[in-house]
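Hi everyone, thanks for making time for this. I'd like to walk you through some side-chain contacts, and I'll keep it short. Please have the picture open as we go.

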Amino acid sequence: MQRTIRYDRQNESLIFGETERVYRDAGFTLHVTELASIKATDFRTALANGLGYRDEVYVAEGDYDEFDDEYSIPGPVSFGEHEGRLFLRVQVVTKAHEDDDEGSPEGLYRSALSPYLNRHRATLQRVEMVGSQAVSPWVWDFDIECSLRMRTAEDLYEIGRGAIALLDALAGGHLTRETTLDLLRAGHADVLVGQPEGSWLDVKSSHYDLDSTQGKISLAQSVSRFANAEHGGIVVVGMKGKKVPGGELIHSIHPVPIDGRTLRRYQSALEHHLYPPPDLLDIECHEVDGKGIVFVHVPPQPEELKPFLVHGAVVDGQVEGAFISIVRRRGEGSIPITAPAIHSTLAAGRALLRRGQIPE
């Protein structure tokens, strides 16, 4: 149920329904569960009447029964208003400095946030380093303006939360396999839309056909590419890629059906078609109402386990169960491991075995 929010000048308070929040220090504090009932346009009007340029509306999370607008610690997203415009303010802490050799963090953050914000009808208005630049860590403020049409204050807050997830992942300078895995596990796959695929990330819009041998071999080959690569990687099922000049971008989320058997079927296919089993392989999913994202995380593998072999191959569209295939990732594509490379690996292993240098 939506409630009209207004500013009471006499008492310097925000009033919505039977709830009143008084002005404290540099603004007001609401609880996150109250935002769903407030229209974004009404919120802007109320704040325009009651906030100064430096004031903010803070949002506290946690248990509502323990919420106190004077003492509860605010969460990471706040609201502000300036010249009739409502904006979100989010912060990120980073060890990167604007004079680092890798370039300005501001430029990196702007380019990474742009696809995410564009999809949510939002724009980044300001990026500013807060406080002293002399010592690490540095705190950055990001002011984001969102379209208010047909939105609640909660809708805007969730946009800010997604931006923080992406910014936190980028705090080390760029997206990595580890930070991307954190985003997927936290249910923030949407913030990856617009980001490039790379040597450690491969996306697929639909499930592998695990009812067929060909589909199982295809899954095993996708995982073996990263197992044979230097830095490992992540196979994501439920996201769609798009070819662009110079590479491929993650174009959209494409949730796939997930049930109680899904992860086990992926595990079983790999157990039967990939050898040896990769160390610390994770098969996970993030599911909501029976649909979601499946992701297979392949950490960097010990060299002594390589090459990883796929039992079975697809030749001219036909499954050859007696064959083995060996592939590894290079850039955004894959290349077969050559016969000379396989032979040299086997020869080196036999030589060490003869010298008694390979443990049993």
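Let me begin with a definition: a charge sits over a ring if NZ of Lys or CZ of Arg is within 6 Å of the ring centre and within 35 degrees of the ring normal. Please also keep in mind that this is a predicted model. With that rule in hand, look at Lys204: its charged end sits over the ring of Tyr208, 4.7 Å from the ring centre.

From there, let's go to rings that meet other rings. How many aromatic pairs does the count come to? The count comes to 7 aromatic pairs. One of them joins Tyr23 and Phe28, with 5.5 Å from centre to centre and 85° between the planes, an edge-to-face pair. The two partners sit in unlike surroundings: Phe28 is buried at 1% relative accessibility, whereas Tyr23, at 28%, is partly exposed. This pair also has company, as ring pairs link Tyr7, Tyr23 and Phe28 into a cluster.

Now a second ring pair, Tyr109 with Trp140. The ring centres of Tyr109 and Trp140 are 6.1 Å apart and their planes are at 80°, so this pair too is edge-to-face. Where in the chain do Tyr109 and Trp140 lie? Tyr109 belongs to helix α2, residues 105–119, and Trp140 to strand β9, residues 138–146, so the pair ties together parts that are 31 residues apart in sequence. Tyr109 is buried, with 1% relative accessibility, and Trp140 is buried as well, with a relative accessible area of 2%.

Strand β9 comes back in the next topic, which is charge. Side chains of opposite charge can pair when their charged atoms come close. A search of the whole structure turns up 17 salt bridges, and I'd like to show you three.

In one of these, Glu56 pairs with Arg89, and their closest N and O atoms are 3.3 Å apart. Glu56 is in strand β5, residues 56–60, and Arg89 is in strand β7, residues 85–94, so to speak distant parts of the chain, 33 residues apart. Are these two charged residues buried or exposed? Glu56 is buried, with a relative accessible area of 11%, and Arg89 is buried too, at 16%.

The other two share Arg126. Arg126 meets Asp141 in a salt bridge of 3.9 Å, N to O, and it meets Asp143 in another, of 2.8 Å. Both bridges run between strands: Arg126 is in strand β8, residues 122–130, and Asp141 is in strand β9, 15 residues away in sequence. Asp143 is in strand β9 too, so its pair with Arg126 ties together parts that are 17 residues apart in sequence. As for burial, Arg126 is partly exposed at 22% relative accessibility, while Asp141 is buried at 9% and Asp143 is buried at 6%.

What do these bridges add up to? Glu56, Arg89, Arg126, Glu128, Asp141 and Asp143 are linked in a network of salt bridges.

Let's leave charge and look at a helix. Helix α6 covers residues 262–273, which is 12 residues, and spans 17 Å from its first C-alpha to its last, close to the 16 Å expected at 1.5 Å a residue. Which residues of α6 are buried? They are Thr262, Tyr266, Ala269, Leu270 and His273. These residues cover an arc of only 95° around the axis, which puts them on the same side of α6. As a reminder, an α-helix has 3.6 residues a turn, so residues three or four places apart point the same way.

Two last stops before I hand over. Asn228 is in the loop between α5, residues 213–227, and β11, residues 233–237. Asn228 is buried, with a relative accessible area of 8%, and a polar atom of its side chain lies 2.7 Å from the backbone nitrogen of Phe308.

The other stop is Phe295, in strand β17, residues 291–298. Phe295 is buried, at 1% relative accessible area. Phe295 and Ile283 are 12 residues apart in sequence, and their C-alpha atoms are 5.9 Å apart in space.

That's my tour, and I'm happy to go back to any of these spots with you.

Methods:
Residues are numbered from 1 along each chain as its sequence is written. This is a predicted model: local features need pLDDT of at least 70, side-chain atom pairs count only at pLDDT 80 or more; totals for chains, interfaces and linings use all residues. Side-chain values use heavy atoms; hydrogens and water are left out. Helices (H or I, at least four residues) and strands (E, at least two) are DSSP runs, numbered from the N terminus. The expected span of a helix is 1.5 Å times one less than its number of residues. Buried means under 20% relative accessible area, exposed over 50%, partly exposed in between (1.4 Å probe, protein chains only). The arc is that of the directions from the helix axis to the C-beta atoms. A polar contact is a pair of N or O atoms within 3.5 Å; within protein, one must be able to donate a hydrogen and the other to accept it, and residues adjacent in sequence count only if both atoms are side-chain atoms. Rings of Phe, Tyr and Trp (its six-membered ring) pair if their centres lie within 6.5 Å; planes under 30 degrees apart count as stacked, over 60 as edge-to-face and the rest as tilted. A salt bridge is a side-chain nitrogen of Lys or Arg within 4 Å of a carboxyl oxygen of Asp or Glu.
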